[in-house]
Amino acid sequence: MKTLKRTNSDDKDFKALIAQLDKDLSGRYGIKQLEYDQYNVIENLETVVVVYNDNGPIGCGCFKKFDNHTAEIKRMFVSANERGKGIGAMIMIELEKWTVESGFKNLVLETGTEQPEAVHLYKKQGFNIIPCYGPYIGNEEFSICMKKIIN
């Protein structure tokens with residue numbers, strides 16, 4: 001059985017999953033990932049979701065305020081042996097629900113060109129590709145930015 005917990009960025013299970021995510025991203029992008037690490041620092045964030053199965057934490061995600069109407073999805077991850085089982089969709093549904101409760105009207109996110117499974121998940125959840133925003137402008141070779149109107 002899978003359970004979902006709303007928590008914060010100090011959560012030890014979230015931190016353990018983020019360590020796995022960072023290792024995965026380094027494997028996909030090599031030295032280029034070092035440039036992106038600065039955009040992935042998550043501290044003092046009260047909007048974190050962690051998913052568990054009977055063996056422990058298997059996935060996570062969070063959001064932070066992007067602007068007055070928009071939240072940015074960050075640090076989405078599902079353990080490799082749990083992919084393809086609906087965990088990513090479960091996390092996205094909970095994050096979207098939480099952002100609506102928080103008064104946001106849009107979601108944005110950035111993912112990488114070497115993460116086709118993530119792009120597939122986000123498109124399936126109703127996100128559309130948009131021009132790269134913020135720190136990702138000019139990094140179209142590696143970045144894919146997406147948006148979803150939620151309210």
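Arg-75 is buried in this predicted model, its relative accessibility being 7%. The residue takes part in a salt bridge with Asp-22, in which the closest N and O atoms are 2.7 Å apart. The two partners come from distant parts of the chain, since Asp-22 belongs to helix α1 (residues 12-29) and Arg-75 to strand β4 (residues 70-78), with their positions 53 residues apart. Asp-22, for its part, is partly exposed, at a relative accessible area of 28%.

**Salt bridges**

The structure contains eight salt bridges, and three of the pairs are set out below.

| Pair | Closest N and O atoms |
|---|---|
| Lys-5 and Asp-11 | 2.7 Å |
| Asp-22 and Arg-75 | 2.7 Å |
| Arg-83 and Asp-24 | 4.0 Å |

In the pair formed by Lys-5 and Asp-11, the lysine is partly exposed, with a relative accessible area of 32%, whereas Asp-11 is buried, with a relative accessible area of 10%. Helix α1 also supplies Asp-24, whose partner Arg-83 lies in the loop between β4 and α3, so that this salt bridge ties together parts of the chain that are 59 residues apart in sequence. Both of these residues count as partly exposed, Arg-83 at 29% relative accessibility and Asp-24 at 23%. Beyond these pairs, a network of salt bridges links Arg-6, Glu-94 and Glu-101.

**Helix α3**

Does the length of helix α3 agree or disagree with what its number of residues predicts? The helix covers residues 87-101, and at 1.5 Å a residue its 15 residues should span 21 Å; the C-alpha atoms at its ends are 21 Å apart, which agrees with that expectation. Its buried residues are Ile-87, Gly-88, Ala-89, Ile-91, Met-92, Glu-94, Leu-95, Glu-96, Trp-98 and Thr-99. Glu-94 is thus listed among the buried residues of α3 and is also a member of the salt-bridge network with Arg-6 and Glu-101. After the helix comes Gly-103, which has a positive phi, near 90°.

**Nonpolar cores**

In soluble globular proteins, nonpolar side chains tend to be buried together. Here the largest nonpolar core has 25 residues, of which Ile-73, Met-76, Ile-91 and Tyr-122 touch the most other members. The elements that contribute two or more residues to this core are β2 (48-53), β3 (56-67), β4, α3, β5 (106-112), α4 (116-124) and β7 (143-149). Which of these elements gives the most to the core? Helix α3 does, with six residues.

Ile-91 can be followed further through its contacts: leaving aside residues up to four places away in sequence, Ile-91 touches Val-49, Val-51, Gly-59, Cys-60, Gly-61, Met-76, Phe-77 and Val-78. A second, separate core consists of 12 residues, including Ile-18, Tyr-52, Cys-60 and Cys-62. Cys-60 is therefore both a contact of Ile-91 and a member of the second core, and, at 0% relative accessibility, counts as buried.

**Cysteines**

How many disulfides does a search of the whole structure find? The search finds zero. For Cys-60, which is in no disulfide, the nearest cysteine sulfur is that of Cys-62, 7.3 Å away. Because a disulfide requires the two sulfur atoms to be within 2.5 Å, the 7.3 Å from the sulfur of Cys-62 to that of Cys-60, its closest cysteine sulfur, is too far for a bond. Cys-62 is likewise buried, with a relative accessible area of 0%.

**The chain as a whole**

The secondary structure of the protein chain comprises four helices and seven strands, which follow one another from the N terminus in the order β-α-α-β-β-β-α-β-α-β-β. The radius of gyration is 14 Å, close to the 15 Å that the globule rule gives for 151 residues, so the chain is as compact as a globular protein of that length. The C-alpha trace extends over about 40 × 35 × 30 Å along its principal axes, and 50% of the 151 residues count as buried.

Contacts that join separated parts of the sequence are not confined to the salt bridges described above. Among contacts between residues at least 6 apart in sequence, 67% join residues at least 24 apart.

Technical notes:
Residues are numbered from 1 along each chain as its sequence is written. This is a predicted model: local features need pLDDT of at least 70, side-chain atom pairs count only at pLDDT 80 or more; totals for chains, interfaces and linings use all residues. Side-chain values use heavy atoms; hydrogens and water are left out. The expected span of a helix is 1.5 Å times one less than its number of residues. Buried means under 20% relative accessible area, exposed over 50%, partly exposed in between (1.4 Å probe, protein chains only). A salt bridge is a side-chain nitrogen of Lys or Arg within 4 Å of a carboxyl oxygen of Asp or Glu. A nonpolar core is a set of buried Ala, Val, Leu, Ile, Met, Phe, Trp, Tyr and Cys residues joined through side-chain atoms within 4.5 Å. Contact means heavy atoms within 4.5 Å. The radius of gyration is taken over C-alpha atoms; the globule rule is 2.2 Å times the number of residues to the power 0.38.
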